[in-house]
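Subject: Structure for you to look at

Dear colleague,

I am passing on the structure below, together with notes on what was found in it. Please read them with the structure open beside you.

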Amino acid sequence: MRYKGKRDFRDRDRVSADEEYEVRYFAKQYRITPDQVRELIGEHGNDRKTLEREARKLRG
C-alpha cells in the first residue's frame, strides 16, 4: 500500500493549464500574466523546459 501523503513528481516536467495554481506559480516565476502562460501552453504544449524558454523571450 502506498502512503497517501507521498508525492509523485512524474509530471514536474509539465505545466497543466487546467491547474490554476500551476499557471499562477509559473506566471509569477517568469513575471508574465496567467493568460500569457495559457497562450504559451496553447502554442507550444505543456513541456516545462519549452515554456521556460518561451517565457524568457516574452520578458525580453
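The largest nonpolar core, a nonpolar core being a set of buried Ala, Val, Leu, Ile, Met, Phe, Trp, Tyr and Cys residues joined through side-chain atoms within 4.5 Å, has eleven residues, namely Val15, Val23, Phe26, Ala27, Tyr30, Ile32, Val37, Leu40, Ile41, Leu51 and Ala55. At least two residues of this core come from each of α1, α2 (34-44) and α3 (48-59), and α1 gives the largest share, four residues. Here buried means under 20% relative accessible area, exposed means over 50%, and partly exposed lies in between (1.4 Å probe, protein chains only).

This is a predicted model, in which local features need pLDDT of at least 70 and side-chain atom pairs count only at pLDDT 80 or more, while totals for chains, interfaces and linings use all residues. Residues are numbered from 1 along each chain as its sequence is written, and side-chain values use heavy atoms, with hydrogens and water left out.

The pLDDT, which is the predictor's confidence in each residue from 0 to 100, has a mean of 87 over the protein, with 83% of the residues reaching 70 or more. The protein holds three helices and zero strands, where helices (H or I, at least four residues) and strands (E, at least two) are DSSP runs numbered from the N terminus. Among these elements, the mean pLDDT is lowest for α3, at 94, and highest for α2, at 97.

In α2, the buried residues are Val37, Leu40 and Ile41. Seen down the axis of α2, they fall within an arc of 100° (taken from the directions from the helix axis to the C-beta atoms), so they line one face of the helix. Their cover includes α1 and α3, whereas the face turned away from the buried side carries the exposed residues Asp35, Glu39, Gly42 and Glu43. Just after α2, Gly45 takes a positive phi of about 85°.

Gly45 is also one of the residues in contact (heavy atoms within 4.5 Å) with Leu51, which, leaving aside neighbours within four places in sequence, touches Val15, Phe26, Leu40, Ile41 and Asn46 as well.

Finally, Arg14 lies in the segment before α1 (20-30) and is partly exposed, with a relative accessible area of 36%. Beyond its neighbours within four places in sequence, Arg14 is in contact with Glu22, Asn46, Asp47 and Arg48.

With best wishes
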